[in-house]
Amino acid sequence: MSQEPIIAIDRVNHSFGAGRLRKQILFEVTTAIDPGEVVIMTGPSGSGKTTLLTLIGALRSTQEGSMKVLGQELRSASEGKLVDLRRNIGYIFQAHNLLNSLRAWQNVQMSIELHGNISPSESRDRAESMLEAVGLKDWAHYYPSELSGGQKQRVAIARALVCNPKIVLADEPTAALDKKSGRDVVEIMHDLAKKQGSAILLVTHDNRILDLADRTLNMEDGRLVSLDAAPV
Amino acid sequence: MFAIPLAWLQLKREKIRLLVALAGIGFAVILMFLQLGFQDALFESAITLHKSFKGDIFLISPQSTSLIAMKTFPERRLYQAYGFAGVQSVSPVYLGFGIWKNPFWEGPPQPQTRSILVIGIIPGDDIFSLPGMNENQDNLRLTDVVLFDSASRPEFGPIATKFEASKSSASLIKTEVESRRIEVGGLFTLGASFGADGNLITSDLNFRRIFTTRQKELIDIGMITLKPGANLDETLARLKQNLPGEQRIDRKKTPEQARQDFVVGDVRVLSKQAFIEYEQKYWQDSTAIGFIFTLGTAIGFIVGTVIVYQILYTDVTDHLAEYATLKAMGYKNRYLLSVVFQEAIILSIMGYIPGYILCIGIYNLTKNATALPVYMTLSRGILVLCLAMIMCLISGVVAVRKVQDADPADIF
Ligand SMILES: Nc1ncnc2c1ncn2[C@@H]1O[C@H](COP(=O)(O)OP(=O)(O)O)[C@@H](O)[C@H]1O
Ligand SMILES: [Mg+2]
């Protein structure tokens with residue numbers, strides 16, 4: 001391959017707990033994701049998908065193996081490095097996790113404010129055009145509590161993507177939504193990320209959206225199996 | 001730096017909680033204002049009389065501890081001082097507490113009586129800068145006539161109003177002090193103090209008619225007025241050198257204090273400033289007043305701190321998932337801490353303002369009800385504002401530890 005992978009994972013192990021309660025969750029996880037690639041990860045509940053996502057997203061320290069994200073080794077990286085890296089990743093959570101005291105556009109603006117010196121009026125324009133891109137032009141002034149589940153998740157997508165992150169991590173973003181709006185939300189995220197050239201790692205149980213993936217990974221009991229590249 | 005005032009938006013979102021917080025802080029602010037205000041008023045009232053003396057140097061007995069516990073000393077000392085260079089005039093002042101009978105009492109048969117401070121001065125001596133003193137100098141010369149303090153507590157009877165009303169009819173108000181029949185010949189304004197609920201001024205002769213056991217040669221305060229341009233320190237030094245008797249040195253005093261407040265023989269000599277401080281020191285050090293009001297203020301402070309802590313803690317707990325999300329997005333701990341502290345500052349200022357306004361009203365009510373000099377001062381306003389902010393910051397410091405619990409790994 002000509003390109004450097006944007007995420008390179010090499011024999012990562014992860015355990016929770018200490019002493020006799022220590023329990024290993026991830027075993028020798030190894031994979032790589034290229035820039036702009038859309039990867040869907042499936043697998044039974046409790047198999048370790050979320051744990052892997054938090055490691056890639058620099059939300060947890062990597063214990064063993066090598067975890068390179070955006071060219072940076074995360075294992076034994078300082079807390080400050082981890083925080084800086086997070087700013088280049090868009091997160092979409094199962095629950096929308098919006099700030100309830102802020103209006104939709106302010107929620108999006110919270111993400112813009114992290115990135116450099118942008119004047120308030122300019123960042124507001126960017127927030128509103130991003131909300132327009134996810135189909136919420138007329139809802140920018142509403143509080144999260146006034147929006148439907150699908151609308152909230154679309155605000156969360158706008159917040160995650162407004163700063164053109166190189167990587168988007170999404171953990172079961174459709175779990176709380178009905179079929180129709182679930183599909184809509186993932187399509188919006190997929191199209192925007194493709195347009196920006198962001199890589200997506202999406203965890204889902206939803207079989208109907210597998211067709212959006214360039215590649216599918218399967219997690220089973222803490223071991224990663226690439227379905228496409230499975231040994232015959 | 002941040003265009004979105006997250007702290008304010010979060011507080012504003014929970015209207016009821018915000019109101020409870022403001023009520024709590026306002027309550028604490030009022031409590032602190034009242035305690036400090038009353039304390040200042042009591043200390044202030046104790047020295048109103050001292051401040052109104054026109055003289056520059058004062059002689060008292062070394063055994064006197066405060067205005068309410070004066071011992072006498074020989075008036076000869078005062079007249080000896082008259083001979084020294086720099087002294088323009090000397091005036092003796094007699095003090096005594098007498099039982100005043102309320103002449104307008106219409107209750108049960110027994111008379112309503114109350115202790116009142118009687119001040120005896122020589123008619124013609126210019127002693128007090130008090131409203132009503134100049135107009136009434138001549139009345140002082142009349143036998144058994146007293147001047148009444150119109151700012152005395154109401155228990156002495158509606159003397160001031162009745163006096164104004166009776167002016168035209170020329171029938172003076174008659175009553176008794178220490179069972180001596182006297183007439184009210186005029187009004188002046190001084191105000192109640194800690195020790196005295198009301199005040200009378202009369203001539204030295206009338207004073208001895210009221211207090212029949214008092215001797216002429218023994219006085220309570222000797223007031224010395226300096227010639228224009230005379231040097232206070234030099235005159236004090238001259239008194240120290242030339243008054244009869246041994247000098248006694250109080251080792252607890254600094255040389256500066258000892259120059260303005262010293263004992264020679266059977267008198268204590270004080271500059272006016274030292275005379276005021278001597279009275280204040282008595283009330284601060286020798287009574288529990290200072291302690292009680294400081295305790296009251298501290299309780300207000302603690303109540304406020306607990307209330308703000310509760311509010312901030314609940315607020316942080318409610319927003320923990322949101323804070324974790326912000327951390328996941330790349331916000332640093334520092335940002336979240338600043339949000340909590342901003343909330344603390346906003347709460348303290350917003351709670352202070354209604355507390356301040358209410359307090360001015362309460363001060364006025366108190367002033368009218370007690371005749372004590374209670375009023376808002378700039379320095380107290382600033383002091384309580386600072387206390388309110390410190391209160392909120394302490395709560396913030398404790399509540400902010402909760403923010404560390406926000407773990408971005410938990411929110412996926
Ligand atoms: N913070 C934690 N402490 C201890 N065990 C955990 C923690 N987080 C997850 N686990 C355990 O790790 C396993 C994998 O969890 P997770 O990564 O959430 O799986 P998935 O997302 O595939 O459902 C589960 O058995 C879970 O109980
Ligand atoms: Mg999960």
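Reader: Across the interface of domain 1 of chain B and domain 2 of chain B, how many residue pairs in polar contact does the rule find?

Author: The count is 0 across that interface, taking pairs with both residues at pLDDT 80 or more. Do keep in mind that this is a predicted model.

Reader: Then which kinds of residue make up the side of domain 1 of chain B that touches domain 2 of chain B?

Author: On that side of domain 1 of chain B, 5 residues are nonpolar, 1 is polar and none is charged.

Reader: And how many salt bridges does the rule find between the two domains of chain B?

Author: For domain 1 and domain 2 of chain B, the rule finds 0 salt bridges across the interface.

Reader: How should I read the size of such an interface?

Author: Interface size is often quoted as the accessible area that is lost when the parts come together. Here, domain 1 of chain B and domain 2 of chain B bury about 450 Å² between them, and carbon and sulfur atoms give 63% of it.

Reader: Where do the two domains of chain B run along the sequence?

Author: The assignment for chain B puts domain 1 at 3–44 + 288–411 and domain 2 at 52–271. Their contact draws 6 residues from domain 1 of chain B and 4 residues from domain 2 of chain B. The C-alpha centres of these two domains of chain B are 47 Å apart.

Reader: Let's turn to chain A: how many helices and strands does it have?

Author: Chain A has 6 helices and 10 strands. Its radius of gyration is 18 Å, close to the 17 Å from the globule rule for 232 residues, so chain A is as compact as a globular protein of that length. Along the principal axes, the C-alpha atoms of chain A fill a box of roughly 50 × 45 × 40 Å.

Conventions: Residues numbered from 1 in each chain as written. Chains lettered and ligands numbered in written order. Predicted model: local features only at pLDDT ≥ 70, side-chain atom pairs only at ≥ 80, totals over all residues. Heavy atoms only, no water. Domains from an automatic or database assignment. Contact = heavy atoms within 4.5 Å. Buried area = accessible area lost by both parts, 1.4 Å probe. Salt bridge = Lys/Arg side-chain N within 4 Å of Asp/Glu carboxyl O. Polar contact = N/O pair within 3.5 Å; in protein donor to acceptor, adjacent residues only side chain to side chain. Nonpolar A, V, L, I, M, F, W, Y, C, P; charged D, E, K, R; others polar. Helix = DSSP H or I, 4+ residues; strand = E, 2+ residues; numbered from the N terminus. Rg over C-alpha atoms; globule rule 2.2 N^0.38 Å.
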